[in-house]
Amino acid sequence: MVMNDNGTMSNTTLPTSSAANGTPSVPTFAVKAGLAQMLKGGVIMDVVNAEQARIAEEAGACAVMALERVPADIRKDGGVARMSDPHLIKEIQAAVTIPVMAKARIGHFVECQILEALGIDYIDESEVLTPADDTYHVEKSGFRVPFVCGCRNLGEALRRIAEGAAMIRTKGEAGTGDVVEAVKHMRTVKQDISRAQAALAEGEGALRALAREIGCDAVLLKQTAELGRLPVVNFAAGGIATPADAALMMQLGCDGVFVGSGIFKSGNAAKRAKAIVQATTHYQDAKVLAQCSEGLGEAMVGINCGTMAPTEKMAGRGW
Amino acid sequence: MTITAGVLALQGAFLEHLVLLKRAANYLQQHEGVKAPFEFIEVRNAEQLARSDALIIPGGESTTISFVAAQSGLLEPLREFVKVSRKPTWGTCAGLILLAEAANATKKGGQELIGGLDVRVHRNYFGRQIESFHADLDLPFLKAGDSTSGAPFPGIFIRAPVVEKILPSVDGIQKAEEQTAGTVVAPSKTAKDEQARSAMSSRVEIMGKLPGRLNKAAAVGAEVDAGDDVGDIIAVKQGNVFGTSFHPELTSDIRIHVWWLRQVLDSVGDRDGVR
């Protein structure tokens, strides 16, 4: 069964402040969320240098995520993971014409200011890096550059949107090549939305009670219940390693996919990247999926999430 | 007979177009007595394209859309659709780039174009996402001869392209453009019959402009002749091929979709559903 119900999201306006036309201040939320809408149905690939960025662009990536180490290496190396060197980011920006995203640490608003000054197209306030603030995420509304943030459930997604995120992704479990956590987070969001819809049918009181329970803004919760989906674009991320993984997440209702370590930690990166792009477009067509899954060489070895200690998991960072 | 309008669904904001097309069709049926039934479909393969009487190419990443089109065996069928059968086609943003006969600022090694509009498009002309903007647009074609309001249209420009040059209408490919450094061109196609030829036009109509080019150019110290008709070209039409560098699909304003469906009805010659 195909559960994709993306069609209802469009043309929404969020209760976010917007600048007047033509002023050099913060762009309207429609402009920030608009780029995410342009990325839908596409694959955003992690790259660590200009050469990989070109491979990603040639393979049909709709954007690249510029970073110094892919999550699998961050996991292996340990230590504090921070924003990438601006020099690296500039090299990647110069190499490709597609949007370039970059990661900042949770709560590290100065890293965000730096990335904005570099002209990054989207900032990922990411649990893959070491959090810089254990209480606050970045206040994102005041930035000109739009933000994407990870979530494990609806409450977390709506807290990020209230802070100004214009795009959401599942946290999954980055750098593992195991899709189980991304699936869990996507299903949890959907179940939470069903609960919100039931609460909406019951009445305003029930909706407010649910907003209190999951810790989010009641207005955003109501809007989500009415739409039957998140009010912004929602991508899958964290553990996607094969064309079938990408199509699985699309059939579960995601709008597109991030692939981190899955491509450049595999045997034939260019071929795998192209196959995942094809699979994300033709996610409902099993014949095409069979074709593009063929002969891709070795997938990333991966880590089984079931055998990981909770402290090893990145998804628990942020709240 | 049902009029089928397809939206190319390889990547990008195709669902947004489908939502607005449905609303626009309702409007035409309820307010303008259009009886022809409409059907709107997602187009991912050649069979779905063959079913379509008209097509929208949505905003998205143009390099991704042309890559996936090539991988899916759709590039040539799309060129046949637009340039040989000359069926009504509208491209927004990435779609405008793909419908241009020439484009620059493309990725290294260039990219495949469909063509259909004798224009050169400058990709990402307005810059990166932090330069993306909203601007109210004065679009004269929306005011012509009907009751819809003359309010400005909310133009949303996301890393948007601009029509940099109107090219002469030529038989075959745009040779001068082909020889210009950093510019890619679409392959030449010939309209298949008289009907297709009649849907073509040698004239590119400028359908919308964004004022302020003079200011922008002056700000970066470029030389601009103030006597010129300055303003960035952000909407063009040539025969039944239409392109906008902004995104009506990101608004809830159905006026351009209503206008385009009227064009489709005129082109298939069927407002009463009796074709």
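# A walk through chains A and B

Both B:Phe157 and B:Phe246 are buried, so start by selecting that pair, since under 20% relative accessible area is what counts as buried here. Keep in mind as you look around that this is a predicted model.

**Stop 1: two phenylalanines**

With B:Phe157 and B:Phe246 on screen, look at how their rings sit. They make an aromatic pair of the tilted kind, with 5.7 Å from centre to centre and 50 degrees between the planes. Now colour by secondary structure. B:Phe157 belongs to strand S8 (residues 153-157) of chain B, while B:Phe246 is in the loop between strand S13 (241-244) and H9, so this pair ties together parts that are 89 residues apart in sequence.

**Stop 2: the rest of the aromatic cluster**

Which residues share one aromatic cluster with B:Phe157 and B:Phe246? Add B:Tyr125, B:Phe126, B:Phe133 and B:Phe153 to your selection, and you have the cluster complete.

Zoom in on B:Tyr125 and B:Phe126. Their rings meet edge-to-face, 4.9 Å centre to centre and with 85 degrees between the planes. Are these two buried or exposed? B:Tyr125 is buried at a relative accessible area of 18%, and B:Phe126 is buried too, at 10%. If you feel like hunting for others, the count over all chains comes to 14 aromatic pairs.

**Stop 3: B:Phe141**

Next, select B:Phe141, which you'll find in the loop between S7 and S8 of chain B. This residue counts as buried, with 10% relative accessibility. What is B:Phe141 in contact with, once you leave aside its neighbours within four places in sequence? Show B:Met207, B:Phe242, B:Ile256 and B:Trp259, and you have the answer. For a sense of scale, draw a distance from B:Phe141 to B:Val19: the C-alpha atoms are 22 Å apart in space, and the two residues are 122 apart in sequence.

**Stop 4: salt bridges in chain B**

Time to switch to charged side chains. Over all chains, the structure holds 38 salt bridges, and we'll visit a few.

Pick B:Glu32 and B:Arg262. Their closest N and O atoms are 2.7 Å apart, and the two form a salt bridge. B:Glu32 is in the loop between helix H1 (14-31) and strand S2 (38-43), and B:Arg262 is in helix H9 (residues 255-268), so the bridge ties together parts of chain B that are 230 residues apart in sequence. The partners don't share the same surroundings: B:Glu32 is partly exposed, at 27% relative accessible area, whereas B:Arg262 is buried, at 11%.

Then go to B:Arg255 and B:Asp253. Their side chains also meet in a salt bridge, at 2.7 Å from N to O, and here both residues are buried.

**Stop 5: where chain A meets chain B**

Zoom out and give the two chains separate colours. How many residues does the contact take from each chain? There are 47 from chain A and 41 from chain B. About 3400 Å² of area is buried between them, with carbon and sulfur atoms giving 53% of it. The rule also finds 23 residue pairs in polar contact across this interface.

Now highlight four helices of chain A: H1 (29-39), H2 (50-58), H4 (86-95) and H12 (269-281). Each of them supplies at least two residues of the side that touches chain B. Which helix gives the most? That's H1 of chain A, with eight residues. Colour this side of chain A by residue class and you should find 19 nonpolar, 19 polar and nine charged residues.

**Stop 6: bridges across the interface**

How many salt bridges are counted between chain A and chain B? The count is four. For one example, select A:Asp121 and B:Arg128, whose closest N and O atoms are 3.3 Å apart in their salt bridge. A:Asp121 lies in the loop between helix H5 (109-117) and strand S4 (122-126) of chain A, and B:Arg128 in the loop between strand S6 (117-122) and strand S7 (133-137) of chain B, so the pair joins two chains. A:Asp121 is buried, at 0% relative accessibility, while B:Arg128 is partly exposed, at 24%.

Finish with a group of four: A:Arg54, A:Glu57, A:Glu58 and B:Lys107. Show their side chains together and you'll see residues linked in a network of salt bridges.

Notes:
Residues numbered from 1 in each chain as written. Chains lettered and ligands numbered in written order. Predicted model: local features only at pLDDT ≥ 70, side-chain atom pairs only at ≥ 80, totals over all residues. Heavy atoms only, no water. Buried < 20%, exposed > 50% of the residue type's maximum accessible area, 1.4 Å probe, protein only. Contact = heavy atoms within 4.5 Å. Buried area = accessible area lost by both parts, 1.4 Å probe. Polar contact = N/O pair within 3.5 Å; in protein donor to acceptor, adjacent residues only side chain to side chain. Nonpolar A, V, L, I, M, F, W, Y, C, P; charged D, E, K, R; others polar. Phe/Tyr/Trp six-rings, centres within 6.5 Å; stacked < 30°, edge-to-face > 60°.
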